[in-house]
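Please open the structure in your viewer and keep the selection tool at hand. The tour below proceeds stop by stop, stating what to select and what is to be found there.

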Amino acid sequence: MDPSESFAEYARARAPSLVRFGYVLTGNQHDADDLAQEALIRLGAAWERVRQKGDPEGYVRTIMVRLHISWWRRRRRERLVGAVPERGYDDGGLADVDSRGGLWQALRGLAPRQRAVLVLRYYERLSDEQVAAVLGISRGTVRSTAFRALERLRSDLGGTGSAARSLLSRRSS
Amino acid sequence: MNTALEEELAQAIQEAGGAARAPLPQFYTEIERGIARRRRIRRIRAGTAVALVMALGVGAVPLIKRPAPELRPPPVVVAAPLPPTDAARLPDFTNPRSPAEIWPEAVRRLPRQTPDGHGYTPLVWLPDGRLLIRDQPGNPASRFVAWDVTNGARTPLSPALGPGSVTLLGVVAGRVVWSTGSIGVQLRNPTVMASKLDGSGTAPVAELTAPAGERVSLVTIAGESVVWGTSKGGMFTWEGQFTGLWRVPLTGGTAERVPDGNGFIPSWRLPGVVNTTHYGGDGPPDGTVWDLVSGRKVRYTRSPQLSRMACGTVEWCGGSSTDGHAAVQRIDGSGVVVLPATGVVTPLMGGRFAEVVFFRPLAGSRSNEVEITSAALWDVTTGKVANRMMARDDAGQPLPLVESAPNLLLMSWQEGDEILLLDLARVA
């Protein structure tokens, strides 16, 4: 198959999944689209080389995670010097999915690297070693980041609604 | 996985992922274009690298690589007084006190909720003394409301804004001009709206569009017009080639090119101002700042001691030195003042104030990433310094400031049951 055809086939087959991955990483549809799109552009430009190595999915998801963190940091710095009046970005779809006592909202309040660690652990089901490889950090940093992120979620959930309190009581029982 | 929280978390993330919509057809078209663009750039870079090697010799190539930033504080260097102030004596930026202590005349205290029990985000004081707020932030029913804090009267100005952030805000000619569309990202064209301050209606002003193959970069309000830039190339929309400026009156109409606007991009920080380089390094060392309202154009030169810089049509610019330290200079590149820590300085309010943000290396990072450690508001006229970090997010990072129109800047933060509002225009 022609390389451009095989990439197009791959992109069409995997894009919905990558957008979903981007959605849980970023917390909104627009950034998810941009993230998946930019990662696929980079993959497409290196398609022959990456395909020969046999793991385009790992390649593109690693790009997405790293881009997400670096974009957020860069945007944060740009916003510090910018006239953007309010922080953050909300998306209408998120309210619909947050039936778990504010857990998703609390997740979105985490720093991007904390969120990325949790997404890779609990959405992608990666081991801490694999998460470390994706993020380019040590396994110890992965574990400490996950610990702090979970502590933060516990803390945040402690102040929210009945579903969260139910969750907390289940956890402590 | 061994706790209920982790189990619930995995479920919540799975459900959230399922709520994402499938990519639109344009998604795939943009990928094809993006790949072609990257290949084109790669060919150009390869050609440039070959030419450079041939011209300078192979041994010259490592000179292109930039060294890692020096994060150790050097001694303060004052090459010349900083206009428009006498900067020979820099203030102490460590442990700045609350703005309420430094500028009590400019700080107002309000309850954390409006009289009807809603949370709100304060945005700007209106010319008639009412406070423009976003009612019920985070709620899709959220809208702009003019709140008379003296008698509690609240006038809804806009329809429901939906859940998105406000990405453009200005108060001009009896209207709030706003947009909730993401600006500076791909795939969509934000619409700018205008809501009358008497609450009598909201109307669209312009959909920000770009010619084929280009994209919207940044937008600003210049006098009684909305002006946006277009660009092409680069990863971010504020990078690459600035292909033009477009203007639509606040009363609506057809977008028209701003004459001589090619090569300019709207300023992030200064309403109505456009620049030939976006804030950040890698640009040419000199350029032009153009105030579209007054028509004034000012040439600036970045000192070799600075790596990134923001200028307005004032006499000085702020940024970072080549070793990463916060720094300022005169607009002609002279009078460099390097502050004693890693950070960045940005002029505010036409140069009367500056925001000084300090960084440190991010723990665990292998790529020179930084996190913000402290930030200050600096009155460069009086030398007073106040804590900028009062307004910070849940992650402890400073919230963006609102400069919704020239010299209209509001910073707000919570203390107990109150919201404190700093209005820099009221600083004596």
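Please bear in mind throughout that this is a predicted model.

**Stop 1: the first helix of chain A**

Select residues 3-26 of chain A, which form helix H1. Where does this helix bend? The bend, of about 50°, is at A:Arg14. A proline, A:Pro16, follows within four residues of that point. Now move to the residue just after H1(A): A:Gly27 has a positive phi of about 90°.

**Stop 2: the largest nonpolar core**

Next, select A:Phe21, A:Leu40, A:Val65, A:Leu118, A:Leu135, A:Leu153 and B:Leu9 together. In the largest nonpolar core, which has 61 residues, these touch the most other members. Which element gives the most to this core? It is H1(A), the helix of the previous stop, with 10 residues. At least three residues of the core come from domain 1 (1-83) of chain A, and at least three from domain 2 (98-173) of that chain. As a general background, nonpolar side chains tend to be buried together in soluble globular proteins.

Apart from this core lies another, of 18 residues. Its members include B:Ala100, B:Ala106, B:Met349 and B:Leu420.

**Stop 3: helix H7 of chain A and its leucine**

Select residues 112-122 of chain A, helix H7. How many of its residues are buried? The count is 11 of 11, and the helix is mostly covered. Among the buried residues of H7(A) are A:Arg113, A:Arg115 and A:Arg121, as well as A:Val117, A:Leu118 and A:Leu120.

Keep A:Leu118 selected and display its surroundings. Neighbours within four places in sequence being left aside, A:Leu118 is in contact with A:Leu107, A:Leu110, A:Tyr123, A:Ala146, A:Ala149, A:Leu150 and A:Leu153 of chain A, and with B:Leu9 and B:Ile13 of chain B.

**Stop 4: chain B as a whole**

Now select chain B. It contains three helices and 28 strands. Of its 428 residues, 53% are buried. Its accessible surface is about 18600 Å², and carbon and sulfur atoms account for 52% of that area. Among contacts between residues at least 6 apart in sequence, 42% join residues that are at least 24 apart.

**Stop 5: two hairpins**

Select residues 120-125 of chain B, strand S3, and then residues 131-135, strand S4. The two strands run antiparallel and are joined by five bridges. One of the bridge pairs consists of B:Trp125 and its partner in S4(B), B:Leu131. Together the strands form a hairpin with five residues between them, and B:Gly129 in the turn has a positive phi of about 95°. S3(B) is mostly covered, as six of its six residues are buried.

For the second hairpin, select residues 168-172 of chain B, strand S7. Why is this strand described as largely enclosed by the rest of the structure? Five of its five residues are buried, so the description follows. B:Leu168, B:Gly170 and B:Val172 point one way from S7(B), whereas B:Leu169 and B:Val171 point the other way. Residues on both sides are buried.

Add strand S8, residues 175-179, which runs antiparallel to S7(B) and is joined to it by five bridges. B:Gly170 has B:Val177 as its bridge partner in S8(B). Two residues lie between the strands of this hairpin, and in the turn B:Ala173 has a positive phi of about 50°.

**Stop 6: a four-stranded sheet**

Select strands S11, S12, S13 and S14 of chain B. In that order they make up an open sheet of four strands with antiparallel pairing. Which strands lie at the edges? They are S11 (215-222) and S14 (256-257), each of which pairs on one side only. S11(B) pairs with S12 (residues 225-232) over six bridges, and the partner of B:Arg215 in S12(B) is B:Ser231.

**Stop 7: two loop residues**

Select B:Leu270, in the loop between strands S15 (265-266) and S16 (273-275) of chain B. Its relative accessible area is 12%, so it is buried, the limit being under 20%. B:Gly350 is 80 residues away along the chain, yet the two C-alpha atoms are separated by 7.7 Å.

Finally, select B:Arg388, in the loop between strands S25 (385-387) and S26 (402-405) of chain B. Is B:Arg388 buried or exposed? It counts as buried because its relative accessibility is 0%. B:Arg388 and B:Val357 are 31 residues apart in sequence and, C-alpha to C-alpha, 8.5 Å apart in space.

Notes: Residues are numbered from 1 along each chain as its sequence is written. Chains are lettered from A and ligands numbered from 1 in the order in which they are written. This is a predicted model: local features need pLDDT of at least 70, side-chain atom pairs count only at pLDDT 80 or more; totals for chains, interfaces and linings use all residues. Side-chain values use heavy atoms; hydrogens and water are left out. Buried means under 20% relative accessible area, exposed over 50%, partly exposed in between (1.4 Å probe, protein chains only). Two strands pair if DSSP finds at least two bridges between them. The bend at a residue is the angle between axes fitted to the seven residues ending there and the seven starting there. A nonpolar core is a set of buried Ala, Val, Leu, Ile, Met, Phe, Trp, Tyr and Cys residues joined through side-chain atoms within 4.5 Å. Domain bounds come from an automatic or database domain assignment. Contact means heavy atoms within 4.5 Å. Accessible areas come from the Shrake-Rupley method with a 1.4 Å probe; for residues, only the protein chains shown count as cover.
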